[in-house]
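Visitor: I have a model to look through, and I would like to know what stands behind each label. Could you take me through it?

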Amino acid sequence: MAKQAKKRANKKKTAARRPRQAPKMLSDLFLETLKDIYFAENKIIKTLPKMAKAAHSKDLAAAFNKHLRETQGQVKRLEQIFKMLSKPARGKPCEAINGITDEGAEIMKDFKNAPALDAGLLAAAQAVEHYEISRYGTLKTWANELGYKDAVRLLEATLKEEKNTDSTLSQIAESEVNRHAETAQAA
């Protein structure tokens, strides 16, 4: 019994000496999510050229290349937000985007030269877009709550681009890619 009491007393002393961490606030969550999307966008910059090269559809390849240029601009906007916050522009590994891009790489490998390749690439790209739309929508809402007016403007510009890209990808899928994936297999 005496040993257990002594252990408890030592634990209390050790805990008392540790500095208390400040509670995590919305501003902390905003910064962590900003790091997450910064990592994601940089990962996407590396992935889009591979997807454009793999695509059979000229329209799809062009959409990927256009979005690559937009994504590079989005990274610059994120860097502006980091600067506004007086924080270094640094990403934090994002398992979600790693998983989505891994799936895209698997589709490129498993469906190489297959009629359904472009449909698979589109599905992977739209998974990325939906992830980004959710992140940017959340960041914009939080920036507004935190009073980061310039960040709201930058995040809104990116959110609009992501939604437009998603819409463009849907149009390409519905106008040609999905039909080609189905009819080429049946032929």
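Guide: Gladly; here is a walk through the helices, the core, the charges and two loop residues.

Guide: This is a predicted model, so local features need pLDDT of at least 70, side-chain atom pairs count only at pLDDT 80 or more, and totals for chains, interfaces and linings use all residues. Residues are numbered from 1 along each chain as its sequence is written, and side-chain values use heavy atoms, with hydrogens and water left out.

Visitor: What makes up the secondary structure of the protein?

Guide: The protein has six helices and zero strands, and along the sequence this reads α-α-α-α-α-α. Helices (H or I, at least four residues) and strands (E, at least two) are DSSP runs, numbered from the N terminus.

Visitor: How many of the 187 residues count as buried?

Guide: The share is 39%. Buried means under 20% relative accessible area, exposed over 50%, and partly exposed in between, with a 1.4 Å probe and protein chains only. The areas themselves come from the Shrake-Rupley method.

Visitor: What is in the largest nonpolar core?

Guide: The largest nonpolar core has 49 residues, and Phe-30, Leu-60, Phe-64, Leu-121 and Leu-155 have the most contacts inside it. The elements that give two or more residues to this core are H2, H3, H4, H5 and H6. H5 provides the largest share, 13 residues. To count as a nonpolar core, the set must consist of buried Ala, Val, Leu, Ile, Met, Phe, Trp, Tyr and Cys residues joined through side-chain atoms within 4.5 Å.

Visitor: Why is the contact of Lys-35 and Glu-32 called a salt bridge?

Guide: The term asks for a side-chain nitrogen of Lys or Arg within 4 Å of a carboxyl oxygen of Asp or Glu. Lys-35 and Glu-32 are 3.4 Å apart, N to O, so the pair qualifies. Both residues lie in helix H2 (residues 26–54), three residues apart, about one turn of the helix. As background, side chains of opposite charge can pair when their charged atoms come close.

Visitor: How do you know whether Lys-35 and Glu-32 are buried or exposed?

Guide: Neither word fits: Lys-35 has 21% relative accessibility and Glu-32 has 29%, so both count as partly exposed.

Visitor: Why is Glu-70 given a burial label that differs from that of Lys-66?

Guide: Glu-70 has 16% relative accessibility, so it counts as buried, whereas Lys-66, at 47%, counts as partly exposed. Their side chains meet in a salt bridge at 3.4 Å, N to O. Lys-66 and Glu-70 both lie in helix H3 (residues 58–84), four residues apart, about one turn of the helix.

Visitor: What makes Glu-156 and Lys-140 a salt bridge?

Guide: Their closest N and O atoms are 2.5 Å apart, so this pair also meets the rule. The pair links distant parts of the chain, with Glu-156 in helix H6 (residues 149–186) and Lys-140 in helix H5 (residues 117–146), 16 residues apart. Glu-156 is partly exposed because its relative accessibility is 33%, and Lys-140 is partly exposed because its value is 27%. Salt bridges that share partners also join Glu-32, Lys-35 and Lys-92 into one network. The whole structure has six salt bridges.

Visitor: Which residues gather in the patch of negative charge?

Guide: They are Asp-102, Glu-103, Glu-106 and Asp-110, on the surface. Patches are made of residues with over 30% relative accessible area and no salt bridge; like charges are joined within 9 Å, nonpolar side chains (Val, Leu, Ile, Met, Phe, Trp, Tyr) within 5 Å. Lys and Arg count as positive and Asp and Glu as negative, while His and the chain ends are not counted. The place of a charge is taken as NZ of Lys, CZ of Arg, CG of Asp or CD of Glu.

Visitor: Why is Asp-110 called partly exposed?

Guide: Asp-110 has 47% relative accessibility, so it counts as partly exposed. Its place is in helix H4 (residues 95–110).

Visitor: Why are Ser-86 and Asn-113 called exposed?

Guide: Ser-86 is at 65% relative accessibility and Asn-113 at 63%, so both pass the 50% mark and count as exposed. Ser-86 lies in the loop between H3 and H4 and has a positive phi of about 60 degrees although it is not a glycine. Asn-113 lies in the loop between H4 and H5; its phi is also positive, about 65 degrees, and it is not a glycine.

Methods:
Accessible areas come from the Shrake-Rupley method with a 1.4 Å probe; for residues, only the protein chains shown count as cover.
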